[in-house]
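Biologist: Before we look at any single residue, could you show me how to read a fold like this one, from the whole chain down to its strands?
Modeller: Gladly; let us have the structure in view and take the features in turn.

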Amino acid sequence: MLHIDTVMGWKIEPVEQTITDTDCLLYALSLGYGRDPLDRTELPFVYEQGLRVVPSIASVLARPPFWMRDPATGIDWVKIVHGEQIGHFHKPVPVGATVVGETRVTGIDDKGTGRGALVYTETQIWNKATGDLVAVNARSTFCRGDGGCGSAGTVASQAPTQKDRAPDAAVTYETQPGQALLYRLNGDRNPLHSDPDIARKAGFERPILHGLCTWGIACRALLALCCENDPARLKSLRARFSAPVVPGDSIETRIWREGTGVAFESRVPGRDVTVLKGGYADVAA
């Protein structure tokens, strides 16, 4: 079981990464950009001439190693899944620059024996040369096998509730059967997304898509529906992961406009399941 004092005090060393255009192109391709190479609205995200960077790439930049797999944490790592992701995008992603990611554990929310626990972390990403804060990522990890460990620290507020009225707009993107194998090249090598045996041990019939890939696909939808594909207009993005996506699913993202804000949810119509709930984004004019 999760060792509460050990996890709260876990030392996560800063991570440096020099961002290349290849990093940005690979990330966009792993979200499904470029499926139609003649689509000029999406081409700038997958072509270095006039490159546009998907803001949600901040979620994979300068990321720490898979520290929850360390036996000293006591975490049953095979049973962990992503709970919620929040991204604040302060500066454009500095292609060609080196960034530093500083990650810390901020809290643990024990749901009780047999009900799991949430571990909250925050990563600040800084431009090493200028000292500018590029982005802040906050996430919760649901440790399904670690309920009863106790609570500590600060936990995030609940995501906004969804709207009852019909959505203002929607877009659907099809994922590919091998999409998780491509997305893992962004740095998340958790075998839950690649190894059928590990997936079965975790209770899934097959490897599932990374939650952050689903989150990135929602970012892609918001850029298209609300930002005219201008990355600078998307200032923040948050959503709670409510069900896994199976590579090959089609994901529909529906939005509700609220002034400069946008509420959204993502679902898989083919299985009638909502995969992102309580989504919200801040969009600049």
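**From the whole chain to two strand pairings**

Modeller: A first step is to ask how contacts relate to separation in sequence, and in this predicted model, among contacts in the protein chain between residues at least 6 apart in sequence, 72% join residues at least 24 apart.

Biologist: How many helices and strands does the protein chain have, and how compact is it for its length?

Modeller: The protein chain holds 5 helices and 11 strands. Its radius of gyration is 18 Å, close to the 19 Å that the globule rule gives for 285 residues, so the chain is as compact as a globular protein of that length. Taken along the principal axes, the C-alpha atoms fill a box of roughly 50 × 45 × 40 Å.

Biologist: What share of the residues counts as buried, and what supplies the exposed area?

Modeller: Of the 285 residues, 51% count as buried, while the chain exposes about 12,800 Å², of which carbon and sulfur atoms supply 50%. As for charge, the mean positions of the 31 positive and 33 negative charges are 2 Å apart.

Biologist: Let us turn to one residue: where is Ile80 found, and is Ile80 buried or exposed?

Modeller: Ile80 is found in strand 2, which covers residues 80–89. A residue counts as buried under 20% relative accessible area, and Ile80, with a value of 7%, is therefore buried.

Biologist: Which residues does Ile80 touch, leaving aside those up to four places away in sequence?

Modeller: Ile80 touches Phe66, Met68, Ile75, Thr141, Phe142, Cys143 and Leu192. By contrast, a separation can also be read between C-alpha atoms, and those of Ile80 and Pro247, 167 residues apart along the chain, are separated by 19 Å.

Biologist: How should I read the pairing of strands, and in which sense do strand 2 and strand 8 run?

Modeller: In reading a pairing, look at the direction, the bridges and the residues that stand opposite each other. Strand 2 and strand 8 run antiparallel and are joined by 5 bridges, with Gly87 opposite Leu237 in strand 8. Strand 8 also pairs with strand 11 (residues 273–283), in the antiparallel sense over 6 bridges, and there Leu234 stands opposite Val283.

Biologist: Why is strand 8 described as largely enclosed?

Modeller: In a regular strand the side chains alternate between the two faces of the sheet. In strand 8 (residues 234–241), 6 of the 8 residues are buried, so this strand is largely enclosed by the rest of the structure.

Key:
Residues are numbered from 1 along each chain as its sequence is written. This is a predicted model: local features need pLDDT of at least 70, side-chain atom pairs count only at pLDDT 80 or more; totals for chains, interfaces and linings use all residues. Side-chain values use heavy atoms; hydrogens and water are left out. Helices (H or I, at least four residues) and strands (E, at least two) are DSSP runs, numbered from the N terminus. The radius of gyration is taken over C-alpha atoms; the globule rule is 2.2 Å times the number of residues to the power 0.38. Buried means under 20% relative accessible area, exposed over 50%, partly exposed in between (1.4 Å probe, protein chains only). Contact means heavy atoms within 4.5 Å. Accessible areas come from the Shrake-Rupley method with a 1.4 Å probe; for residues, only the protein chains shown count as cover. Lys and Arg count as positive and Asp and Glu as negative; His and the chain ends are not counted. The place of a charge is taken as NZ of Lys, CZ of Arg, CG of Asp or CD of Glu. Two strands pair if DSSP finds at least two bridges between them.
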